Amino acid sequence: MLDQEQLIDRLVKGMRDGVIELPEDVTQKLQEYLQREDSGIAKQQLSAILDNIRISHEDGLPLCQDTGVQMFFIKAGYDFPFLNDLHRAIPIAVKRATKEVPLRPNTVDPFTGKNPQDNLGPHMPSITIELEERDDAVITILPKGGGSENMSMLWMLTPAEGFKGMKKKVLEHIVFAAGKPCPPIIIGLGIGGGADFAMKLAKKALLRPLGTQNPDDKLRAMEEELLHDINELGVGPMGMGGRTTALAVHIEYTNRHPATFPVGLVVQCWCDRRAVIKVNKDGEVI
Amino acid sequence: MEHRFTTPIKDEDISKLEVGDVLFISGTVFTARDEAHMELLKDKGIPGFDFNGLVLYHCGPVMRKEDGEWKVKAAGPTTSFRMETLEPDFLAMFPIKIIIGKGGMGPLTLDALKKHNTVYSSFTGGAGALAAKGLGRVREVHYLDELGMPEAVWVFEAKDFGPLIVTMDAHGNSHYEEVNKRSSDNLKRIFRERGY
């Protein structure tokens, strides 16, 4: 049976690890790009980022003061029996993690400006559940920062503008965003589905670890082309010039309504924090 | 050029700075984001607090009270551009000498920097743990109850806080403008090459 206390403990630990330890795939990419960089300022910025990753790990400090809003993406089996427990445990764990890690209290009432100090709110934290053919549940925690989130976009293109229009918009937008989302960034693109769906796909695209290939050949080619062109722009780390503007472009798609061509774009900062927790069908937290 | 300054920072030290210079700062550094800018402007400052020659840091830190004392846990810069419309009034009211932030600011602030002989410098965005090391001890905090932890005015006694890169100097030069011009040119070139 599922032990609710143990589950909450593991979720709190997941959030702690999430904001202190950068996933290895991100650190590796940053090191890779540092080797390719030839501008002095760009090298200095990337080195400061790598120093910061080391200090966070050694001293157990949050990587970035913006510990984000906690987003939860759950993939669960159709018959996974503990979804209700999981759903109940998450807000309790968020409240505890805010105090214990600590996380910065980051949820503000848009009307009163009041900060409840616990990272909760109506519909907060955001929990996305997808059911599929499996017997366990995989929970990915994405602490999402505000500076990068502010650079999100939705373009309702005409089908005639299509992919060419999308690529133009993306490149123009990266020039506009410049240093604001804390480059080197990771770009998630969602194509098709409708306005909300495209945005959701764009955010989900960020969950894929860096350096993993898109299994779809046409998407992989498009990701590589866009990444190449974005890094040709010369925005550089922190928008201070250089060859490293993005570490990856990830694309997800679904079919579109014949009259529409929605493209969602979500930006993730270099501090691409993620943590994964699994609960098996017997309720054991792994 | 590398410079080490201690607050209160003098006008002649600021005038000699150029884009690309590296700074390390000791002394009083205070944080203010959007809300704190608006509050400070409305209240015309904090009674008994002398802004002369101090350093303004665009930052909303993670703090924790340990044994009755506030400790800084992570304190990287926030996106400075949100303060673009507020900064000219802020600089007119408070004689600070250095702004620290990330991402740079626009023409309104660039003009105000020139007018008030102030520079804007950049600390690596997201490097919150690294920043916490240099910020040191918390001397005081204002507006904590009203604005909450990220928006409050935290006053630090910094020790060799840096490296900060001067990216907007007091002579009207902006490193961000230069980079932006280059990336806009590159954009045109890519569009041409790709036939967009």
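**Reading a residue environment and a sheet**

Author: In this predicted model, Asp160(B) is partly exposed, with 14 other C-beta atoms within 10 Å.

Reader: Why does a count of 14 make Asp160(B) partly exposed?

Author: A residue is exposed at 12 or fewer such neighbours and buried at 20 or more, so a count in between is called partly exposed. Asp160(B), with its 14, belongs there.

Reader: In which strand is Asp160(B) found, and with which residues is Asp160(B) in contact, leaving aside neighbours within four places in sequence?

Author: Asp160(B) is found in strand β9 of chain B, residues 153-168. The contacts of Asp160(B) are Phe24(B), Ser26(B) and Gly134(B). Ser26(B) stands 134 residues away along the chain, while its C-alpha atom is separated from that of Asp160(B) by 5.0 Å. The mean pLDDT of chain B is 96.

Reader: How should one read the sheet of chain A, and which strands stand at its edges?

Author: Strands of a sheet pair through backbone hydrogen bonds, in a parallel or an antiparallel sense. In chain A, four strands form an open sheet of mixed pairing, in the order β2-β1-β3-β8. The edges are β2 (126-132) and β8 (275-279) of chain A; each has a single partner strand, so one side of each lacks a neighbour in the sheet. On average, neighbouring strands of this sheet are turned by 20° against each other, direction ignored.

Reader: In which sense do β1 and β2(A) pair, and over how many bridges?

Author: Strand β1 of chain A (residues 69-77) and β2(A) pair in the parallel sense, over seven bridges. Ala76(A) has Leu131(A) in β2(A) as its bridge partner.

Reader: Which strands does helix α1 of chain A lie across?

Author: Helix α1 (residues 4-20) lies across β1, β3 (137-144) and β8 of chain A, and runs at about 160° to β8(A).

How values were computed. Residues numbered from 1 in each chain as written. Chains lettered and ligands numbered in written order. Predicted model: local features only at pLDDT ≥ 70, side-chain atom pairs only at ≥ 80, totals over all residues. pLDDT = per-residue confidence, 0-100. Pairing = 2+ DSSP bridges. Helix = DSSP H or I, 4+ residues; strand = E, 2+ residues; numbered from the N terminus. Axes fitted to C-alpha atoms, helices over the stretch in contact; angles between N-to-C directions. Contact = placed C-beta atoms within 7 Å.
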